[in-house]
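Colleague: I have a model open and want to learn to read it feature by feature. Can you take me through it?

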Amino acid sequence: MKPYFRTLLFLTLCSFITPSLLSANDLLQNSYLRKGMSLNGRWHYIVDVYETGYFNYRMEPHDGSENPGSSAYFLNKKPKNKTDRVEYDFDTAPTMLVPGDWNSQKEKLFYYEGTVWYKKSFNIEYFNSSKRYYIHFGAVNYRADVYLNGEKLGVHKGGFTPFNFEMTHLLKEKDNFIIVKVDNKRAADEVPTLSTDWWNYGGITRDVTVYELGNTFIEDYKIQLDKSNNKYVTGYVQLNGSTKASKRVTIEIPELKLQKQVTTDTNGYAKVSFPIKKVTYWSDKNPKLYEVKISTVEDQVVDNIGFRTIETKGTNILLNGKKVFLKGISIHEENVIRGGRAWSIEDARVLLGWAKELGCNYVRLAHYPHNENMIRLADQMGILVWEEIPVYWTIQWTNPETYKKAETQLKELIHRDKNRASAIIWSMANETPTSNERLVFLTNLAKTARKLDDTRLISAALEDHGRKDNKNIMIVEDEFAQVVDILSFNQYYGWYGGTVENIKNIRWEIDINKPVIISEFGAGALQGYHADKMTRWSEEFQELLYEETLPTLAKIPGISGMTPWTLVDFRSPRRMLIPYQNGWNRKGLISETGNKKKAFYTLQKFYKNVKQK
Ligand code: GCU
C-alpha cells in the first residue's frame, strides 16, 4: 500500500482515539502581566538523595498517610523540647536562588539527578479572607510535589511548562511556608525520556508568584484574528468562581476604540467574535501590539496582543497573506555566560539580541517550551517563533501514560502562548524514529493541537537520508509528513556522514506540496581553535560547512526557512571530547564565553542577501 494511503488508514484509526481536550485545568492565563507577589529569591534547600523526606525506612510514603513519620520534610517540623528528635531543619539549611537550577548554583550538584526540597516562608500583606489565592510556577524540572503549611496542594510533572494551585483554603495572614519537593530524575516513560542532548538542569527554574483573585475571576481567554478572516477577532473568555454564570464580560481595544460585551453561559464560558477594521497587523517588520482589556465587575486583565494571520499556500508560508522566508536560528534555554537555565527577561534579551544581530526574523526554541520572557520579547521584537514539546528521540510510543504526559505539556504550552502573535509553529517532536506507534502518537498530538488552536501551523523536526540508488539524492521518508503543515527536517550532511567537499553535489528530492524548513544543520567548532578548513573542530571547518551548505539548501524546492544548529554552545553530558568539547556541544555560532565564531558571519551575510519577496 502506498505510504499516503497507509497514512490515511492510520488517520482513520486515530480518529477513534479522541485525545482529551480539556485545557490545562484552571491554569491562569496571562499570569505574566497580572499583579502578584513574587516569591523569587533565596529558598532554603535540603538535598534528599534517598527521599527520606518522602518515604519512611520501609519505603512507605509519609505523604498522604494518617500519621506521617517524623522525617516528613513537608511538615517543616520543629523539636518540641531539647529531647525531641527531628532529623531535618530547613531554617538551618543552606539557601539557593529561585528561579535557578541547582546544577549551576552548587558545584556539588552539578551532575546531581534526584530530589531537592525547597522551603520559603512568607506573609500576605493586606490578607483578605474574601479573596482567593493561587500560587503559580513558571516551571519546575521535572516533578514538583507542592505543600503549603504542611498540607499537599498538588503534583506537577513536566520540566518546561507552567502550573498553579489554589491555596485559599490553607493560607494564613502570617507565617506561611511553601515546601516543594523537586525531582529531576530521568525515566524511560517520561517526556523527555532517558536520552537527550542537553543538560538535565533540575530545580525551580522559573518565577514563583502568589496571586490574589476575586471570588470569580477571569481564568482564561483567547483573543486572536480569525483563521480565515483577518477582519474578525474570534476567541473566548472563561471565568472561574461561584458566580461565573451569566456574567457580563467586556473586551476593549482602546486604541481601536473597540468595545465588545459578551455574557457567559452556565459554565462561565463565552465565545468572542467581533469585526476589527482599522487594525495594523503584527509582523516581523512591524510588531504592532495592542493593549487588550478584559473585564468583569470583579476582575480585569490587560494583555498586549498582536493581530496577524499565518498560513501555508502550496510551498509558501504566508504572514498576513504575504510570502515570508524564515531566517532563523535554533536556541537552547541556557544563559551560558552566567551558567545554567535561562529564565529572566535579561537572559531573553541576550539570546534574542544575538539572533537579531545574526539577521534573524525567526527562532526555533528547542527542544522544549522556553520561559515566557522569550515569547513575550519575541512579540515585541518581531521575531517569529517555533515552539516545541520535548518529544525527543526514543519516547515510549506505546505507553498511554507517556502519551498523556506529552499531551499535557502540549496543552500547557498552547494554553500559555495562544495569544502570542510571534508563536507561529507548534512542533510535535524532534528526530523521532519512524514506526506505526510513533505515527499514531504524533498524529494524536497534532489533532489535539489543532483542536485547541487552529490558527497556527503544525510541524516536527523529521530526518532525511540518502536515496538507496544515489546517495547524493536526499529524501524524507516519514508518514508524519502527510500530517504536518510544514515539512521540517534536520540534516547534517558533512558532519554526521558525508564529506564537506561533497555537499555541493547533494540535492533533496521533496515530493510534497508543502513549505520546507531545515530545522537543523551545523558543525562543531571550539571557538578560538584555528586550523585549515579540513580540520574538524576548527572554526574554519565549521565556516566551510556553512559556506557549502547554505547555497545548497537554497536550491531546495519550497525552501521557506531554516534554523541552523545552533546559536550558542550548550552543555551536554554526551559531549565529553577533550580538548574540544569538555561537556559542551560545540555547534553554537557563539561560544559559552559570548565570543562569535567565523561561521556566525557566514550566516549573517547569507541572511543579509536573502530577498523577502
Ligand atoms: C540532533 C538533535 C539536537 C542535537 C544535535 C547534535 O539533531 O536534534 O538536539 O544537539 O543533533 O547532534 O548536535
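Modeller: We will go through the ligand site, the aromatic rings, the sheets, the buried loop residues and the backbone exceptions.

Modeller: One caution before we start. This is a predicted model.

Colleague: Understood. Start with the ligand. Which residues come nearest to it?

Modeller: D197, E431, Y496, E520 and K587 come nearest, out of 14 residues around the ligand. Sorted by class, that shell has five charged, four polar and five nonpolar residues.

Colleague: Which polar side-chain atoms lie at short range, and at what distance? Take K587 to begin with.

Modeller: An N or O atom in the K587 side chain is 2.6 Å from an oxygen atom of the ligand. For R575, the distance from a side-chain N or O atom to a ligand oxygen is 3.0 Å. W565 also has a polar side-chain atom, 3.1 Å from an oxygen atom of the ligand.

Colleague: How much of the ligand's area does the protein bury?

Modeller: The protein buries 97% of it. The reference is the ligand taken alone, which exposes 320 Å².

Colleague: Next, rings. What describes a pair of aromatic rings?

Modeller: Two quantities: the distance of the centres and the angle of the planes. This structure holds 34 aromatic pairs. Take Y54 and F55. Their ring centres are 4.9 Å apart and their planes stand at 80 degrees, so the pair is edge-to-face. The cut-off for that label is over 60 degrees.

Colleague: Are Y54 and F55 buried or exposed?

Modeller: Y54 is buried, at 12% relative accessibility. F55 is buried as well, at 18%. The threshold for buried is under 20%.

Colleague: Give me a second pair.

Modeller: F110 and Y111. The centres lie 4.8 Å apart and the planes meet at 80 degrees, so this pair is edge-to-face too. Y111 counts as exposed, with 57% relative accessibility.

Colleague: Which residues form one aromatic cluster?

Modeller: Y492, W495, Y496, Y529, W537, F541 and Y580. Y496 is also among the residues that come nearest to the ligand. Keep W537 in mind; we return to it below.

Colleague: On to sheets. How do I read the strand order?

Modeller: Read it as the sequence of neighbours across the sheet. One open sheet here has four strands in the order 1-10-5-8, with antiparallel pairing.

Colleague: Why is one side of strand 1 and of strand 8 left without a neighbour?

Modeller: Strand 1 (37-38) and strand 8 (163-166) stand at the edges, and each has a single partner strand, so one side of each has no neighbour in the sheet. Strand 1 pairs with strand 10 (residues 208-213) in the antiparallel sense, over two bridges. One pair to click on is M37 with V210, its bridge partner in strand 10.

Colleague: And what order does the three-strand sheet have?

Modeller: It runs 18-19-20, open and antiparallel. Strand 18 (310-313) and strand 20 (322-323) are the edges here. Strand 19 (residues 316-319) pairs with strand 20 over two bridges. There, K322 in strand 20 is the bridge partner of L319.

Colleague: Now a loop. Where is Q29 found, and what does its side chain touch?

Modeller: Q29 sits in the loop between helix 1 (3-14) and strand 1. Its relative accessible area is 1%, so Q29 counts as buried. The Q29 side chain makes a polar contact with the side chain of D220, at 3.1 Å.

Colleague: Last topic: backbone exceptions. What do most residues and peptide bonds do?

Modeller: Most residues other than glycine have a negative phi, and most peptide bonds are trans. N30 has a positive phi of about 60 degrees, and N30 is not a glycine. N30 lies in the loop between helix 1 and strand 1, and is buried at 3%. W537, also not a glycine, has a positive phi of about 85 degrees. W537 is in the loop between strand 31 (516-520) and helix 6 (539-553), and is buried at 13%.

Colleague: Which peptide bonds are cis?

Modeller: Among them is V191 to P192, with omega near 10 degrees. P192 is in the loop between strand 9 (176-183) and strand 10. A366 to H367 is cis too, with omega near -20 degrees. H367 is in the loop between strand 23 (362-365) and helix 3 (372-381).

Technical notes. Residues are numbered from 1 along each chain as its sequence is written. This is a predicted model: local features need pLDDT of at least 70, side-chain atom pairs count only at pLDDT 80 or more; totals for chains, interfaces and linings use all residues. Side-chain values use heavy atoms; hydrogens and water are left out. Two strands pair if DSSP finds at least two bridges between them. A residue is near a molecule or strand if one of its heavy atoms lies within 4 Å of it. A polar contact is a pair of N or O atoms within 3.5 Å; within protein, one must be able to donate a hydrogen and the other to accept it, and residues adjacent in sequence count only if both atoms are side-chain atoms. Accessible areas come from the Shrake-Rupley method with a 1.4 Å probe; for residues, only the protein chains shown count as cover. Ala, Val, Leu, Ile, Met, Phe, Trp, Tyr, Cys and Pro count as nonpolar, Asp, Glu, Lys and Arg as charged, and the others, Gly among them, as polar. Rings of Phe, Tyr and Trp (its six-membered ring) pair if their centres lie within 6.5 Å; planes under 30 degrees apart count as stacked, over 60 as edge-to-face and the rest as tilted. Buried means under 20% relative accessible area, exposed over 50%, partly exposed in between (1.4 Å probe, protein chains only).
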